[in-house]
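The following note is offered to a colleague who is meeting this structure for the first time. It proceeds by numbered points, beginning with a question.

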Amino acid sequence: MAVNKGIFDKCYRFDLAKGYISSGLYPYFRPIESAQDPVVVMYGRRVIMVGSNNYLGLANHPKVKEAAIAATMKYGTGCAGSRFLNGTLDIHVQLEEKLARFIGKEAALIFTTGFQVNLGVISALVGKDDVVVLDKLDHASIIDGCRLSYGGVRKFRHNDMEDYERVLADSQGKGTLTVVDGVFSMEGDIVNLPDLVKIAKKYGSKIMIDDAHGIGVLGKTGRGTAEHFGLEKEVDLIMGTYSKSLASIGGFIAGDKDIIHYIKHFARPLIFSASPTPASVASVSAAIDIIESEPERIAALWRNTYKMLAGFKGMGFEVGLTESPIIPILVGDDILAFKMAMKLQEMGVFVNVAVSPAVAPGKALVRTSYMATHTDEHLDIVLDAFQKIGKEFEVIQ
């Protein structure tokens, strides 16, 4: 008779990941021994990094590091309290003002992590008589924010505006917040914002964009998805994270000052968490300055993106509907994705793997993403490795 270990029983029975680890096919929690540059060090070897969200190459930029060091020297390593109490520094307020200006909104509010932004904003705004409407491929933090709210949750098929309208029509009479990713983090495609705005207006829904992968990437000046479509004034709330183009960790929400003021007083993840460290705040501020003063970084990012898209498509890989520096190689089978990733690592190329629940079951993919600082030599090595692997595993002819 099996011994029941109580609440921990499931932990002892969970052996799926252990099986992958023992077979050498586990592509997660791999230790990196250097900065998030185009080339990183793993297990003492140099590996080309095409699995990072460091799109503009700022995470190891000298000016960003200098700003972090200077802030640490002045303010110390932490704030020892929440923003609500003793944890608000002058640089927190200054960054909020800079972010509001950068995004083009009246006000902004910064959180310690991007995940907390979605938890806090959605749970603060969506009450028991309200409805939050989601794209089915929205980020996990959005889903969890809905779980913390007291409102209803409705989902529409991915980027399907006809289905979106159906959901909004069924939700008439209630306060409605539509929350969508600007750039979908696994598939790399962009929300159909023009049509979404038209439909939202028709039914009176407010719009919030999670632009974690759009800021610093989309738009003429890197201000994200709304700028990309020229619809900045039509989007009510824009959320962003620092852990992609902004070279740190944390997140923010930007919108009308009264909405931000309300969120500031009702977002539990903000009120009950320690405030962002001085180093992270200063890093983001420096990164914004670089984005505004060096627009050539965005141009370089897109040159690299177009090169890789053309290369993968030319070899016959299936890349889906991506329109961004996130380029997935769709393979379907989990084990195949694991094998490809680990073989690529042996060949000196770091990629990520996404399987269910990060993607739909049977839709496993090898996720690649690119930086402004990749050279043509880096990218040619990656393409050559993928061509060899693709043929070896019969993903391409």
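1. Which residue stands opposite Ala354 in strand 13? The residue is Leu365. Please bear in mind throughout that the model is predicted. Ala354 belongs to the pairing of strand 12 with strand 13 (residues 364-369), which runs in the antiparallel sense over three bridges.

2. The wider setting of that pair is an open sheet of three strands in the order 10-13-12, with antiparallel pairing. Strand 10 (326-332) and strand 12 (352-354) are at the edges, and each has a single partner strand, so one side of each lacks a neighbour in the sheet. On average, and with direction ignored, neighbouring strands of this sheet are turned by 30 degrees against each other.

3. Two helices should be viewed together with this sheet. Helix 13 (residues 296-315) packs on the sheet and touches strand 10 and strand 13; the direction of helix 13 makes about 20 degrees with that of strand 10. Helix 14 (residues 334-346) lies across strand 10, strand 12 and strand 13, and runs at about 35 degrees to strand 13.

4. Helix 14 also holds a salt bridge between Lys343 and Glu346, whose closest N and O atoms are 3.9 Å apart. Because the two residues are three apart in helix 14, about one helical turn separates Lys343 from Glu346. How accessible are the two partners? Lys343 counts as partly exposed because its relative accessibility is 28%, whereas Glu346, with a relative accessible area of 56%, is exposed.

5. A second open sheet deserves separate mention: three strands in the order 1-2-11, with mixed pairing. Its edges are strand 1 (39-42) and strand 11 (349-350); each has a single partner strand, so one side of each is left without a neighbour in the sheet. Strand 2 (residues 45-49) pairs with strand 11 in the parallel sense over two bridges. Within strand 11, Phe350 is the bridge partner of Met49. Helix 15 (residues 376-392) packs on this sheet, where it touches strand 1, strand 2 and strand 11. The direction of helix 15 makes about 90 degrees with that of strand 2.

6. How many salt bridges does the count come to? The total is 19. One of the pairs is Arg223 with Glu292, in which the closest N and O atoms are 2.7 Å apart. This pair links distant parts of the chain: Arg223 is in the loop between strand 7 (206-210) and helix 9 (225-229), Glu292 is in helix 12 (residues 278-293), and 69 residues separate them. Glu292 has a relative accessibility of 32% and therefore counts as partly exposed.

7. Lys128 and Asp129 form another salt bridge, with the closest N and O atoms 3.5 Å apart. Both Asp129 and Lys128 are exposed. Elsewhere, a network of salt bridges links Arg154, Arg157, Asp160, Asp163, Arg166 and Asp170.

8. The last point concerns the surface. Ile7, Phe8 and Tyr12 form a nonpolar patch there, and together they have about 390 Å² of accessible area. Tyr12 is found in helix 1 (residues 9-13). Is Tyr12 buried or exposed? With a relative accessibility of 56%, Tyr12 counts as exposed, because the term applies over 50%.

Note on methods
Residues numbered from 1 in each chain as written. Predicted model: local features only at pLDDT ≥ 70, side-chain atom pairs only at ≥ 80, totals over all residues. Heavy atoms only, no water. Pairing = 2+ DSSP bridges. Helix = DSSP H or I, 4+ residues; strand = E, 2+ residues; numbered from the N terminus. Contact = heavy atoms within 4.5 Å. Axes fitted to C-alpha atoms, helices over the stretch in contact; angles between N-to-C directions. Patch = residues over 30% accessible without salt bridge, like charges linked within 9 Å, V, L, I, M, F, W, Y side chains within 5 Å. Areas by Shrake-Rupley, 256 points an atom, 1.4 Å probe, with all protein chains shown as cover. Salt bridge = Lys/Arg side-chain N within 4 Å of Asp/Glu carboxyl O. Buried < 20%, exposed > 50% of the residue type's maximum accessible area, 1.4 Å probe, protein only.
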